[in-house]
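Hi,

Here is the structure I promised to pass on to you. Have a look at it first, and then read on for my notes.

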Amino acid sequence: MKIYTGSGDRGKTSLFSGERVAKNNLRTEAYGDLDELNSCLGALTAALEESHESIAEIRQIQSDLFHIGACLATTPGSPSAAALEPFDEQKSLYLETAIDRMDQNLPPLKGFILPGGRMPAALAHVARTVCRRAERHTVGLSEDKTTGQTPDAYQAVLVYLNRLSDYLFVLARYCNHLAGEADILWKK
Amino acid sequence: MEDVTYETKLLERRRLSDNTFEAIFYRPSGFEFTAGQRIRLIHGGLERDYSLANAPDEAVLVLCIRQVAAGRFSTLLSATPVGTAFTFNGPHGYFVFRASARPPVFVATGTGVAPFVAMARSSVSAFTLLHGVRQAGECYYASLFRSKARRYVVCLSDEDPPEAGTFHGRVTDYLALQLEPDRYDFYLCGRGEMIRDVTWLVDDRFPDSMVYTEIFY
């Protein structure tokens, strides 16, 4: 199927809820960050061994990010919002379980660590920083007073992104650990 | 979510114009959809997406097909015997009617009118419909739309002079010249070029309107 119409050639795009907005709109920035994060996770899975235990987990996260992207592309309270399944805060729980599972196999953290090590770990750190940017833009959206949204419209998403950043930090350490690579500690 | 695949068969063809027809399919139990959604029809290694033109509570599934010489699936559907088995999955897409305080304006070219047929055959009414076709013989579903639309405009791009009750020109010409500036909910179904041109017109002439699109190829 032809995937382009050119209707965005003049710098505007259509939200899922139908509004035409500038492509540097806060909402498009936020779901653009999720798209970037999802691509980083794709690169991370490509760098992992096919049998790596975290791949299925990461694929689930990628699907969750699609869902979150649809939520962020929809103005709360719009007629389109009713067509979307709300993002469930419970989805953060499997991230917590995964964090705890990996963490119990890791040596204690002894200080600040430098992003890097083996390629999968380095990519997990890149994903973590993009995730933090997505979180910052989502905070901006949640504080937007112009849409008439409720203050907690993005609460479940904020919890998920905050937990996902932690997950990616631990995953980076875990990838290095499985590869026999020690944390690279920050030295003054 | 995994696509659910259904078995169906062709029940009937109904001619709409010289090169357009409805393909009527058996509706398998358990298949539900919302007016405006599409299915992916599969047969003999070919697959193609089609919007459903029937109301969700009808006993059959209806596709609106324009026979295109180079179109492998439309050629198949125009020639295959009644009773031929097909599979399909779906429903797909979010091109569904979303009620709001803004007047709805449906814009279609050719068989891109199919999702609006489904909406009109269900509970949607009091809309404006601009249907772009080349000749008056292609304004199939005219009686349905005359009974359900607040304003039904056939935009004839080829015929000159225009028939009474039609607009001579493209749908974009009508939007640029005739539709009063206001905030609308625009629903666009047609080729990419039409969607681009109408979207730009909306940006320029109807700011703060909503735009929902379905590319028809």
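**Aromatic pairs and charges over rings**

Counting over all chains gives 26 aromatic pairs. Please keep in mind as you read that this is a predicted model. One of the pairs is B:F97 with B:Y187, which is stacked, with 5.7 Å centre to centre and 25° between the planes. Which parts of chain B does this pair tie together? B:F97 lies in the loop between β6 (85–92) and β7 (104–109), and B:Y187 is in strand β11 (residues 185–190), so the contact brings together parts that are 90 residues apart in sequence. The two partners are not equally covered: B:F97 is partly exposed at a relative accessible area of 30%, while B:Y187 is buried at 0%.

A second pair to look at is B:F145 with B:Y152. The ring centres are 5.6 Å apart and the planes stand at 40°; since that angle is neither under 30 nor over 60 degrees, the pair counts as tilted. B:F145 and B:Y152 are both buried.

These residues also belong to a wider group. Ring pairs link B:F95, B:F97, B:F106, B:F116, B:F127, B:Y140, B:Y141, B:F145, B:Y152, B:Y187 and B:Y212 into a cluster.

There are charges over rings to show you as well. B:R98 has its charged end over the ring of A:F16, at 5.0 Å from the ring centre, a contact between chain B and chain A. Within chain B, B:R196 lies over the face of B:W200, 5.7 Å from the centre of the ring.

**Chain B: a pocket and some backbone details**

The second largest pocket has a volume of about 860 Å³. Its lining is made up of 31 residues, and B:R66, B:T109, B:G110, B:R134 and B:R191 are the ones nearest the centre. Several elements of chain B give at least two residues each to this lining: β4 (46–51), β5 (60–66), β8 (128–133), α4 (171–177) and α5 (192–205). Sorted by class, the lining holds eleven nonpolar, twelve polar and eight charged residues.

Between two of those elements, β4 and β5, runs the loop that holds B:N54. Is B:N54 buried or exposed? With a relative accessible area of 0%, B:N54 is buried. What does its side chain reach? It comes to 3.0 Å from the backbone oxygen of B:V60, and a polar atom of the same B:N54 side chain lies 2.9 Å from the backbone nitrogen of B:V62.

The backbone of chain B has a few spots to check. B:G90 and B:P91 are joined by a cis peptide bond, with omega about 5°, and B:P91 is part of strand β6. B:Y141, one of the residues in the aromatic cluster, has a positive phi near 70° although it is not a glycine. B:Y141 sits in the loop between β8 and α3 (142–148) and is buried, at 10% relative accessibility. B:D208 is another non-glycine residue with a positive phi, near 70°. Its place is the loop between α5 and β12 (210–215), and B:D208 is exposed, with a relative accessible area of 53%.

**Chain A: overall layout and a cavity**

Chain A has five helices and two strands, and from the N terminus on the order is β-β-α-α-α-α-α. The C-alpha trace spans about 50 × 40 × 35 Å along its principal axes. Of the 188 residues in chain A, 45% are buried.

How many cavities of 30 Å³ or more does the structure hold? There is one, and the largest cavity has a volume of about 40 Å³. Its lining consists of A:I113, A:L114, A:G116, A:H125, A:A172, A:R173, A:N176, A:D183 and A:I184. Helix α5 (residues 155–178) of chain A gives the most to this lining, with three residues. By class, the lining has four nonpolar, three polar and two charged residues.

Finally, there is A:E85, in the loop between α2 (55–72) and α3 (92–103) of chain A. A:E85 is exposed, with a relative accessible area of 58%. From A:E85 to A:H67 the C-alpha distance is 8.4 Å, and the two are 18 residues apart in sequence.

Best wishes

Technical notes:
Residues numbered from 1 in each chain as written. Chains lettered and ligands numbered in written order. Predicted model: local features only at pLDDT ≥ 70, side-chain atom pairs only at ≥ 80, totals over all residues. Heavy atoms only, no water. 1 Å grid on protein atoms, 1.4 Å probe; cavity = no way out; pocket = protein on both sides within 12 Å on 5 of 7 lines; lining within 4 Å. Points joined across faces, edges and corners; volume = space filled by probe spheres on them. Helix = DSSP H or I, 4+ residues; strand = E, 2+ residues; numbered from the N terminus. Nonpolar A, V, L, I, M, F, W, Y, C, P; charged D, E, K, R; others polar. Phe/Tyr/Trp six-rings, centres within 6.5 Å; stacked < 30°, edge-to-face > 60°. Buried < 20%, exposed > 50% of the residue type's maximum accessible area, 1.4 Å probe, protein only. Lys NZ or Arg CZ within 6 Å of the ring centre and 35° of its normal. Polar contact = N/O pair within 3.5 Å; in protein donor to acceptor, adjacent residues only side chain to side chain.
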